[in-house]
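Biologist: Could you take one small part of this model, look at it closely, and then follow the thread outward as far as it goes? I'd rather have one connected story than a list.

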Amino acid sequence: MRNNAVKVCEKLDKNGFKAFFVGGCVRDTILRQPIHDIDIATNAKPEDIQRIFPNHIDTGLKHGTVTVKMNKDFYEVTTFRIDGEYEDGRHPDEVIFVDDVTKDLARRDFTINAMAYDPVTDTMCDPFSGRLDIANKTISCVGSAKSRFMEDPLRVLRAMRFAIKLGFDINPATKLAMHDKEVLTHLQNCISKERITDELRKMLTCGKPIHDIFMEFADVVAVILPELAPCINAPHNSPWHRHDIYEHIIYVVDFCDTTKFEIKLAALLHDIGKPNCRIVDENDSTVNHFKGHPAESVILTKKTFENDLKISNKEKELVLNLIKEHDREVNVKPNLIRRFVSNYDLDFIHDWLILKAADIKDHVCAPGKEEKWNDLLNRFEQFKTNLATVELEESALKLSDLEVNGNDVIEILDIKPGPVVGKILNALFEDVLDEKLSNNREELLAAIKVKGEMM
Ligand code: ATP
Ligand code: MG
């Protein structure tokens, strides 16, 4: 991939233009991290790029971007530009093409993202000391932090994302501006759900712990996910918990041993119903309970989906089901496991186990409740063992696994297709789940007759 990118720069150079690798690929090369794409910046105007590379696609001409093909690879080549005033906090009102790479780098968000590498002469252009910040593991805005965040408040989330992903600290002046009320109001009012969701998704799925950044920037989290705000600093007042509700939530996110977005998001929202469900223990006024909180979390999560995030319906459904079931009793009886699987599917149960394990991990044994605690841990282990057994069985875990189908019912009972057929199949399926019948064709065919007589 790199070789062809170098060829693009060489071709621009031969035509009398300057060309650089810019942005993430320069940063990640210095960090010795894998590079997923190489962006190229040049002083050639879009029409020059189009002329020099007849094999091109006009991707974002308005912003000066042309995608060019070199052998098998595609690269975005963008003309050096500065952004005009940011009026709506979203799109630069106008882009102005410039001849100087330093000016192009100056519009970029963080010093670590504002370096350019010239592969033709093998030289670095690093006017804002991005290399020094990488060496010091620091994220700093290019120029005045507050003005940069006011120009585009999404950068607040980008700073959090890079800090999480790279394990970097954020420079004090940059931090201060991220907590600025005006900046946060601007983030709340001007940034689209799509852009916010995109950053949140990257933070949750980068495989690194979010704890430190989400604790320090809880005020930012409260802005992008208002339904989570009442959890911040809300005590559990429970002997089963060592963290307040918000910090517990954050630990559960990190303890979910996966990078699957839906599970991480479910973890982030699984307990948001708790503040509304708080009740004081009858015998001990220092202790609280949160009965019914999963259902309340589901209600608030739906609100979050409506107002704050943009995710697919399929993702929504999985997140909501995980939240709904997160506090489900861990019952190890095979027939109940089969029924749980049949209500969803096996993939769901495995996702649920990840969330459940994480939730358990951030509980503590209440003093004097060792027996109850150990019982839960044992049941959780037993559940996994029994689930593995259930998965290996020939048994049916969904209706279509049955060794008979609707046609068998129609033939044996000599009836017309209709609701009765479904009813009988369901009744058979229930019996198989409960091990009253085995999923054996002969046995099921005989059972159809019996069920038919009873209907
Ligand atoms: P990655 O693709 O690994 O997430 P990246 O640094 O390539 O990281 P992109 O979002 O692809 O990030 O953006 C490419 C470059 O464009 C950045 O490195 C940065 O220089 C610049 N950039 C992107 N978004 C912004 C923004 N909102 N404000 C200022 N500069 C930005
Ligand atoms: Mg990129």
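Modeller: Quick definition first: helices (H or I, at least four residues) and strands (E, at least two) are DSSP runs, numbered from the N terminus. Also keep in mind that this is a predicted model. With those labels in hand, let's start at N71, which sits in the loop between β4 and β5. Its phi is positive, about 50°, although N71 is not a glycine. That's worth a second look, given that most residues other than glycine have a negative phi. Is N71 buried or exposed? It has 8 C-beta neighbours inside 10 Å, so N71 counts as exposed.

The loop is part of a hairpin made by β4 and β5, with 2 residues between the strands. Strand β4 covers residues 65-70 and runs antiparallel to β5, with 6 bridges joining the two. For one of the residue pairs, look at T65: its bridge partner in β5 is T78.

Strand β5 (residues 73-79) has another partner as well, namely β2 (residues 39-42), and those two pair in the parallel sense over 3 bridges. Here T42 stands opposite T79 of β5. If you're picturing where the side chains point, the rule of thumb is that they alternate between the two faces of the sheet in a regular strand.

Leading up to β2 is a loop that starts after α2 (24-30), and R32 lies in that loop. R32 is another non-glycine with a positive phi, about 55° in this case. With 6 C-beta neighbours inside 10 Å, R32 counts as exposed.

Now step inward from β2. The largest nonpolar core has 95 residues, and I40 and M160 are the ones with the most contacts inside it. Helix α7 (residues 154-166) provides the largest share of that core, 8 residues. Domain 1 (1-136) and domain 2 (238-393) both contribute residues, so the core lies between them. I40 itself touches, leaving out residues up to four places away in sequence, A5, V8, C9, A19, F20, F21, Y75, E76 and V77. Apart from this core there is another one, of 14 residues, including V409, V432, L437 and A447.

As for the domains, the assignment gives a third as well, domain 3 (399-454). The C-alpha centres of domain 1 and domain 2 lie 45 Å apart.

Back to helix α7, where R158 is found. What makes this arginine count as buried? It has 20 C-beta neighbours inside 10 Å, and a residue is buried if 20 or more other C-beta atoms lie within that distance, so R158 qualifies. Leaving out residues up to four places away in sequence, R158 touches D109 and E199. E315, on the other hand, is 157 residues from R158 along the chain, with 23 Å between their C-alpha atoms.

D109 takes us to the last stop, ligand 1, as it is one of the residues around that ligand. The others are G23, G24, R108, N113, A114, D152, L154 and R155. By class, this shell has 2 nonpolar, 3 polar and 4 charged residues. So the thread runs from the hairpin of β4 and β5, through β5 to β2, into the core with I40, and on by way of R158 and D109 to ligand 1.

Conventions:
Residues are numbered from 1 along each chain as its sequence is written. Chains are lettered from A and ligands numbered from 1 in the order in which they are written. This is a predicted model: local features need pLDDT of at least 70, side-chain atom pairs count only at pLDDT 80 or more; totals for chains, interfaces and linings use all residues. A residue is near a molecule or strand if its C-beta atom, placed from the backbone, lies within 6 Å of it. Ala, Val, Leu, Ile, Met, Phe, Trp, Tyr, Cys and Pro count as nonpolar, Asp, Glu, Lys and Arg as charged, and the others, Gly among them, as polar. A nonpolar core is a set of buried Ala, Val, Leu, Ile, Met, Phe, Trp, Tyr and Cys residues joined through C-beta atoms within 7 Å. A residue is buried if 20 or more other C-beta atoms lie within 10 Å of its own, exposed if 12 or fewer, and partly exposed in between; C-beta atoms are placed from the backbone. Domain bounds come from an automatic or database domain assignment. Two residues are in contact if their C-beta atoms, placed from the backbone, lie within 7 Å. Two strands pair if DSSP finds at least two bridges between them.
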